[in-house]
Amino acid sequence: MIIEHAEVIVTSPGRNFVTLKLVTSDGVVGYGDATLNGRELAVVSYLRDHLLALLIGRDPQRIEDTWQYLYRGAYWRGGPVTMTAISAVDVALWDIKGKLAGLPVYQLLGGACRDGCLVYAHAFGRDMPELVASVSAQLELGYRAVRAQVGVPQLAKVYGVAVGRETYEPATRAALPDEELWDAGAYLRHIPPVFAALRAQFGPEPALLHDVHHRLTGLQAAQLGRALEPHDLFWLEDVTPAENPDALRLVRAHTITPLAIGEVFNTIWDCRTILQDRLVDYIRTSATHAGGISHLRRIFTLAELSQIRSGCHGATDISPVGMAAALHVGLAIPNFGIQEHMRHEPLVDDVFPHAYRFDDGRLHPGDEPGLGVALDEALAARHPYVAAYLPVNRLGDGTMHDW
Ligand code: GCO
Ligand code: MG
């Protein structure tokens with residue numbers, strides 16, 4: 001059996017998704033998520049112009065060999081574009097292997113270590129009453145863990161808070177990126193009382209998370225971590241720019257608030273120091289951007305050596321194919337922590353019918369052979385690509401800052 005057909009499908013049912021479809025000579029179809037938010041077409045080109053021809057004729061069962069062939073074979077290594085493309089190939093091949101075996105992928109990875117994957121939902125509000133209502137709504141849906149993001153009075157737009165719509169979607173369909181303004185002082189003054197109020201309102205039970213989106217210096221993040229200690233966060237995410245482990249080292253030295261990082265990492269080498277020196281408690285790499293199921297599992301195994309648990313990125317730009325890949329891995333590893341679950345719009349679920357299901361605060365990948373996600377190509381074709389960008393961020397004096 002060989003890989004006989006490979007194609008890239010781009011669709012935009014409300015937001016852009018790039019999907020790799022592989023078909024074997026026996027007619028078995030595998031899907032991989034190749035979505036890189038705001039830079040989608042770079043991955044499309046990487047796949048169409050460089051990888052697809054290399055896949056035709058290969059044995060679809062040789063997943064690790066194909067991974068090594070694409071990773072080492074490029075000479076140029078790592079980075080989000082390359083690794084998202086390789087991830088898609090890897091995930092599509094696991095999908096095929098599961099279908100050939102007649103087993104869900106988590107069974108091929110050793111079987112379930114738990115009944116389901118604990119997930120966290122997103123809550124946000126422009127102010128405290130809106131945030132409380134949003135957290136309540138998520139808890140009523142059955143979530144046991146909620147990420148809380150809130151508007152800062154001095155700032156017109158803040159990461160994680162939708163303005164004028166019900167759901168938050170960071171990418172904007174426009175010719176140019178949105179511009180946001182950042183003020184660390186205003187943010188640092190505003191956030192601790194917000195979590196004090198959430199604990200007063202909801203008690204000790206629900207897990208509360210917060211995402212800083214790589215915006216603080218090590219010292220600022222240390223201050224925030226300390227100020228939040230009485231409010232018992234499940235984690236504080238992406239407090240400092242991810243490429244500098246020393247910033248996290250500083251944060252770590254000053255606070256016992258649990259830390260998470262990793263959604264922008266693409267390889268095990270990106271996370272190596274952070275994992276080996278135990279600079280965080282949760283590693284947030286995804287199957288979509290960090291080398292697929294094969295490489296994600298390797299990252300989590302390295303994390304396990306330092307008692308670090310998983311917390312896969314699961315924003316709306318991770319397609320249902322990428323979400324399913326994360327859930328199969330999450331169900332099967334010993335050191336699963338939590339999975340982000342930012343619900344897709346119903347139209348996205350229609351384009352990607354899937355077997356994973358939410359129950360009692362957890363997601364289960366389902367028991368269909370492979371990943372358990374299909375692609376309605378006719379519906380996908382009715383929603384062509386629309387250019388979209390993530391926002392950019394500036395300080396008050398115009399200086400570019402991390403968004
Ligand atoms: C998260 C992330 C996202 C990213 C988005 C970028 O924790 O869910 O920070 O909201 O901003 O995935 O594409
Ligand atoms: Mg994040």
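A residue counts as buried when its relative accessible area is under 20%, as exposed when this is over 50%, and as partly exposed in between. The legends below describe close-up views of a predicted model.

**Figure 1. Leu109, a buried loop residue.** Leu109 belongs to the loop that runs between α4 (105–108) and β4 (117–125). Its relative accessibility is 11%, which lies under the 20% limit, and Leu109 is therefore classed as buried. Ala260 is 151 residues from Leu109 in the sequence, and the C-alpha atoms of Leu109 and Ala260 are 25 Å apart in space.

**Figure 2. Coordination of the magnesium ion (ligand 2).** Three acidic residues, Asp211 (OD), Glu237 (OE) and Glu263 (OE), coordinate the magnesium ion at 1.9 to 2.3 Å. Along the sequence, these donor residues follow the spacing D-x25-E-x25-E. The pair Asp211 and Glu237 links distant parts of the chain: Asp211 is in strand β7 (residues 207–211), whereas Glu237 is in strand β8 (residues 235–237), 26 residues apart. Asp211 and Glu237 are both buried.

**Figure 3. Ligand 1 and the residues around it.** Ligand 1 has 14 residues around it, of which Tyr159, His213, Glu237, Glu263 and Glu340 come nearest. Glu237 and Glu263 are also donors to the magnesium ion (ligand 2). The space that ligand 1 takes up is the second largest pocket.

**Figure 4. Polar contacts of ligand 1 with Tyr159, Glu263 and Arg147.** A polar atom in the side chain of Tyr159 is placed 2.5 Å from an oxygen atom of ligand 1. For Glu263, the separation between a side-chain N or O atom and an oxygen atom of ligand 1 is 2.7 Å. For Arg147, the corresponding distance from a side-chain N or O atom to an oxygen atom of ligand 1 is 3.3 Å. On its own, ligand 1 has 340 Å² of accessible area, and the protein covers 95% of this.

**Figure 5. Leu224 in helix α7.** Helix α7 spans residues 218–228 and contains Leu224. With a relative accessible area of 1%, Leu224 is buried. Trp269 is 45 residues away from Leu224 in sequence, and the C-alpha atoms of Leu224 and Trp269 are 28 Å apart.

**Figure 6. Tyr75, a loop residue with positive phi.** Tyr75 is located in the loop between α2 (63–73) and α3 (80–101). Although Tyr75 is not a glycine, its phi is positive, near 70°. Tyr75 counts as exposed because its relative accessibility is 62%.

**Figure 7. Asp360, a loop residue with positive phi.** The loop between β13 (357–359) and β14 (362–364) holds Asp360. Asp360, which is not a glycine, has a positive phi of about 55°. Its relative accessible area is 45%, so Asp360 is partly exposed.

**Figure 8. Val386 in the loop between α13 and β15.** Val386 is placed after α13 (377–381) and before β15 (392–395), in the loop between them. With a relative accessible area of 30%, Val386 is partly exposed. Ala287 is 99 residues from Val386 along the chain, and their C-alpha atoms are separated by 24 Å.

Conventions. Residues are numbered from 1 along each chain as its sequence is written. Chains are lettered from A and ligands numbered from 1 in the order in which they are written. This is a predicted model: local features need pLDDT of at least 70, side-chain atom pairs count only at pLDDT 80 or more; totals for chains, interfaces and linings use all residues. Side-chain values use heavy atoms; hydrogens and water are left out. Donors are N, O and S atoms within 2.8 Å of the metal (3.2 Å for Na, K and Ca); water is not among the atoms, so sites may look incomplete. Helices (H or I, at least four residues) and strands (E, at least two) are DSSP runs, numbered from the N terminus. Buried means under 20% relative accessible area, exposed over 50%, partly exposed in between (1.4 Å probe, protein chains only). A residue is near a molecule or strand if one of its heavy atoms lies within 4 Å of it. A polar contact is a pair of N or O atoms within 3.5 Å; within protein, one must be able to donate a hydrogen and the other to accept it, and residues adjacent in sequence count only if both atoms are side-chain atoms. Accessible areas come from the Shrake-Rupley method with a 1.4 Å probe; for residues, only the protein chains shown count as cover. On a 1 Å grid over the protein atoms alone, a cavity is a set of points where a 1.4 Å probe fits but cannot get out, and a pocket is an open set with protein on both sides within 12 Å along at least five of seven lines; lining residues have an atom within 4 Å of a point. A molecule sits in a cavity or pocket if more than half of its atoms lie within 2 Å of its grid points.
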